[in-house]
Amino acid sequence: MSVELNHTIVHCKDNRESAAFFADLLDLTVGEEWGPFIPVVLANSVTLDFATIPAASITPQHYAFLISEAEFDAAFAKIQALGIEFYADPQRKHPGEINRNDGGRGVYFPDPGGHWLELITRPYGG
């Protein structure tokens, strides 16, 4: 059997808020609550299970998503419309910019739970 990532738990201050933010941004569907989790399933069947925990216990993580050019356009328009800060780089030295690494486009921005999300249209090295 080949190894596949099936799901991961995303700690957040408010699981509903974070799941809804993520799903709306990328035009995905928020699933039914299952125990302490609010799931969002990605195109490759990986599930992000958003779980509310105390804010002081959250360690910011980085989550990167490979999306199409059209999906990037739609998501980036939402980022701008919502007034979310964004950067071209993970070090946040280029605010208000996107990158064009590897012939694609990329952007870094925070989610409501304090994590940093990245959207790219080309895999690194591609």
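A residue counts as buried when its relative accessible area is under 20%. By this criterion, 41% of the 126 residues of the protein chain are buried in this predicted model.

**Figure 1. Overall fold of the protein chain.** The protein chain comprises two helices and six strands. Along the sequence, these elements are arranged in the pattern β-α-β-β-β-α-β-β. Among contacts that link residues at least 6 apart in sequence, 52% connect residues at least 24 apart.

**Figure 2. Dimensions of the protein chain.** Taken along the principal axes, the box filled by the C-alpha atoms is roughly 40 × 40 × 25 Å. The radius of gyration, 15 Å, agrees with a compact globule, because a globule of 126 residues would have a value near 14 Å.

**Figure 3. Surface and charge of the protein chain.** The exposed area amounts to about 7,400 Å², of which carbon and sulfur atoms supply 54%. Side chains of the protein chain include 8 positive and 17 negative ones, and the centres of these two sets are 7 Å apart.

**Figure 4. Close-up of helix 1 and its buried residues.** Helix 1 spans residues 15-25. Its buried residues are Asn-15, Ser-18, Ala-19, Phe-21, Phe-22, Ala-23 and Leu-25. An α-helix has 3.6 residues a turn, so residues three or four places apart point the same way. Among the buried positions of helix 1 are Ser-18, Phe-22 and Leu-25.

**Figure 5. Close-up of the two ends of helix 1.** At the N-terminal end, Asp-14 acts as the cap of helix 1, with a side-chain oxygen 3.0 Å from the backbone nitrogen of Arg-16. Asp-27 follows helix 1 and has a positive phi, near 55°.

Note on methods. Residues are numbered from 1 along each chain as its sequence is written. This is a predicted model: local features need pLDDT of at least 70, side-chain atom pairs count only at pLDDT 80 or more; totals for chains, interfaces and linings use all residues. Side-chain values use heavy atoms; hydrogens and water are left out. Buried means under 20% relative accessible area, exposed over 50%, partly exposed in between (1.4 Å probe, protein chains only). Helices (H or I, at least four residues) and strands (E, at least two) are DSSP runs, numbered from the N terminus. A polar contact is a pair of N or O atoms within 3.5 Å; within protein, one must be able to donate a hydrogen and the other to accept it, and residues adjacent in sequence count only if both atoms are side-chain atoms. The radius of gyration is taken over C-alpha atoms; the globule rule is 2.2 Å times the number of residues to the power 0.38. Contact means heavy atoms within 4.5 Å. Accessible areas come from the Shrake-Rupley method with a 1.4 Å probe; for residues, only the protein chains shown count as cover. Lys and Arg count as positive and Asp and Glu as negative; His and the chain ends are not counted. The place of a charge is taken as NZ of Lys, CZ of Arg, CG of Asp or CD of Glu.
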